[in-house]
Amino acid sequence: MTQDGGIDALVVGAGPAGLMAAEELARAGRRVLVAEQKPSVARKFLMAGKSGLNLTQDEPSGAFASHYDSSEMRRAVASFGPAEVMDWARGLGQEVYTGSSGKVFPLTMKGSPLLRAWLSRLADRGVALRTRWRWHGWDDGAFAFDTPDGPRALRPAVCVLALGGASWARLGSDGAWAPWLAGRGVPLTPFAPANAGLSVAWSRPMAKVFGQPLKGVRLGAGALHSRGECVVSAAGLEGGGLYPLTPALRTGAPLQVDLLPDLDTDTIAARLRRPRGKASVGQWLRKTLRLDPVRLALLFEAAHPLPTGEALAHRVKALTLRHQGPRPMDEAISTAGGIAWPGLDDDLMLRACPGVFAAGEMLDWEAPTGGYLLTGCLATGRLAGRAAAGFH
């Protein structure tokens with residue numbers, strides 16, 4: 001196994017967290033090598049930006065931080081939150097704008113121009129990048145890699161691990177690192193899908209609305225609620241309105257759907273007292289409650305046989321949809337679980353591995369889509385990189 005010399009700092013993983021860590025290390029004068037197992041870098045970042053790269057959410061810091069599920073993550077984004085992310089993008093020559101929902105995007109909408117500018121700046125600062133380098137743990141204390149040129153072993157002064165979670169394995173986040181860290185005594189929380197679709201065993205009549213959006217509804221599961229839309233698919237439901245509910249849905253909480261969130265039960269009950277005449281039940285409900293075909297199909301699906309009167313009004317306001325849990329983890333946008341917080345110090349260094357830090361989705365946290373995930377990865381990468389740069 002060949003030993004590479006001259007490397008002062010190693011970053012394993014070239015996603016947003018890893019590249020941010022590399023930037024901080026290089027800024028501090030460290031000689032940095034970034035090792036990435038895929039043929040190209042930041043694949044998940046680029047995939048997320050195909051329909052518009054949502055960098056962050058433009059909202060007050062307290063409101064922004066409340067979307068993270070741990071005090072450690074709230075601390076990280078407090079020092080690198082929406083304003084800092086926007087300034088960082090502008091520093092790379094990428095002007096940003098805020099949409100009507102508060103989501104922040106580059107003016108180009110794409111991730112590739114920002115990534116090219118970022119990689120150019122890293123190269124100017126002396127950061128070396130190696131692709132197709134797959135880390136497979138430690139060998140006699142050295143970081144061991146399989147590379148196109150054969151095995152390599154590195155013994156850097158410091159290392160930042162930024163290998164991602166365990167979703168979208170084809171893009172690099174395969175969770176293969178978990179047993180290697182566990183073997184070194186690092187405490188781990190089992191991976192679980194986050195920001196995931198929902199598996200539902202639909203009856204045959206639902207096929208007529210597959211691929212159509214369920215919108216104008218309020219969704220709930222346990223103590224969590226979301227006002228947004230999702231899409232009905234052959235496998236179940238998928239979409240941003242559903243993702244914030246994943247923590248409760250993972251535990252088996254049923255999905256509650258308010259089909260008419262802007263109307264109260266009494267108003268709906270009054271409308272349902274209108275005579276039906278010769279219209280079918282479906283025609284009557286569509287006209288009386290102004291339900292579109294998707295909401296109407298869901299009502300028949302989840303409330304069959306339909307009650308009448310006030311009982312039907314209550315069902316419209318709180319329709320219970322049974323399900324089979326979130327879609328498989330590799331289909332999820334992100335994952336919960338990973339390195340447990342007690343295994344890290346305040347600088348994100350692994351207590352069991354002095355000089356080794358971790359960042360991004362390797363850590364046990366989750367947050368909704370809408371820029372929170374990317375900001376969290378950038379913030380922890382920055383924190384870990386700065387701490388690693390100062391480690392002696």
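**Close-ups of a predicted model**

**View 1. Helix α12 on a four-stranded sheet.** Helix α12, made of residues 309–317, lies across strands β19 and β20, and runs at about 110° to β19. Everything shown here and in the views below comes from a predicted model. The sheet underneath is an open one with four strands, ordered β16-β15-β19-β20 and paired antiparallel. At its edges stand β16 (224–227) and β20 (319–321); each has a single partner strand, so one side of each is left without a neighbour in the sheet. Ignoring direction, neighbouring strands here are turned by 25° against each other on average. Helix α11 (residues 293–302) packs on the sheet too, touching β19 and β20, and its direction makes about 75° with that of β20.

**View 2. Zooming in on the β15–β19 pairing.** Strand β15 covers residues 218–221 and strand β19 covers residues 255–258; the two run antiparallel and are joined by three bridges. If you want one pair to look for, try G220, whose bridge partner in β19 is Q256. As a reminder, strands of a sheet pair through backbone hydrogen bonds, either parallel or antiparallel.

**View 3. A three-stranded sheet, β4-β6-β5.** This one is also an open sheet, with three strands in the order β4-β6-β5 and antiparallel pairing. Its edge strands are β4 (56–57) and β5 (96–98), each pairing on one side only. Between β5 and strand β6 (residues 103–106) there are three bridges, in the antiparallel sense. Here the pair to pick out is T98 with V104, which stands opposite in β6.

**View 4. S233 and its surroundings.** S233 sits in strand β17, which takes in residues 230–233. Is S233 buried or partly exposed? With a relative accessible area of 24%, S233 is partly exposed, because the buried class ends at under 20%. Setting aside neighbours within four places in sequence, the residues in contact with S233 are W202, F210 and G211. L198 is worth putting in the frame as well: S233 and L198 are 35 residues apart along the chain, and their C-alpha atoms are separated by 9.7 Å.

**View 5. T335 and its many contacts.** T335 belongs to strand β21, residues 334–339. T335 has a relative accessible area of 1% and is buried. What does the side chain of T335 reach? At 3.3 Å, that side chain reaches the backbone nitrogen of A166. A166 is also on the contact list of T335 once neighbours within four places in sequence are left aside. Others on that list include G165, S167, F191, A192 and A194, along with M329, E361 and W365.

**View 6. R27 and two glutamates in helix α1.** R27 forms salt bridges with both E23 and E24. For E23 and R27 the N to O distance is 3.9 Å, while for R27 and E24 the closest N and O atoms are 3.6 Å apart. All of this happens within helix α1 (residues 16–27), where E23 and R27 are four residues apart, about one turn of the helix. E24 and R27, three residues apart in α1, are likewise about one turn from each other. How accessible are the partners? E23 is buried at 0% relative accessible area, and E24 is buried at 7%. R27, in contrast, counts as partly exposed at 48% relative accessibility.

**View 7. A salt bridge in helix α5, and a wider network.** In helix α5 (residues 82–91), D87 and R90 are three residues apart, so about one helical turn separates them. Their side chains meet in a salt bridge at 3.1 Å, N to O. Both residues are partly exposed: D87 has a relative accessible area of 49%, and R90 comes in at 37%. Elsewhere, salt bridges that share partners link E23, E24, R27, R121, R125 and R386 into one network. Searching the whole structure turns up 16 salt bridges.

**View 8. Helix α13 from end to end.** Why is α13 described as largely enclosed by the rest of the structure? Because 16 of its 18 residues are buried. The helix covers residues 372–389, and at 1.5 Å a residue it should span 26 Å. The C-alpha atoms at its ends are 26 Å apart, which agrees with that estimate.

How values were computed. Residues numbered from 1 in each chain as written. Predicted model: local features only at pLDDT ≥ 70, side-chain atom pairs only at ≥ 80, totals over all residues. Heavy atoms only, no water. Expected span 1.5 Å × (residues − 1). Buried < 20%, exposed > 50% of the residue type's maximum accessible area, 1.4 Å probe, protein only. Pairing = 2+ DSSP bridges. Axes fitted to C-alpha atoms, helices over the stretch in contact; angles between N-to-C directions. Contact = heavy atoms within 4.5 Å. Polar contact = N/O pair within 3.5 Å; in protein donor to acceptor, adjacent residues only side chain to side chain. Salt bridge = Lys/Arg side-chain N within 4 Å of Asp/Glu carboxyl O.
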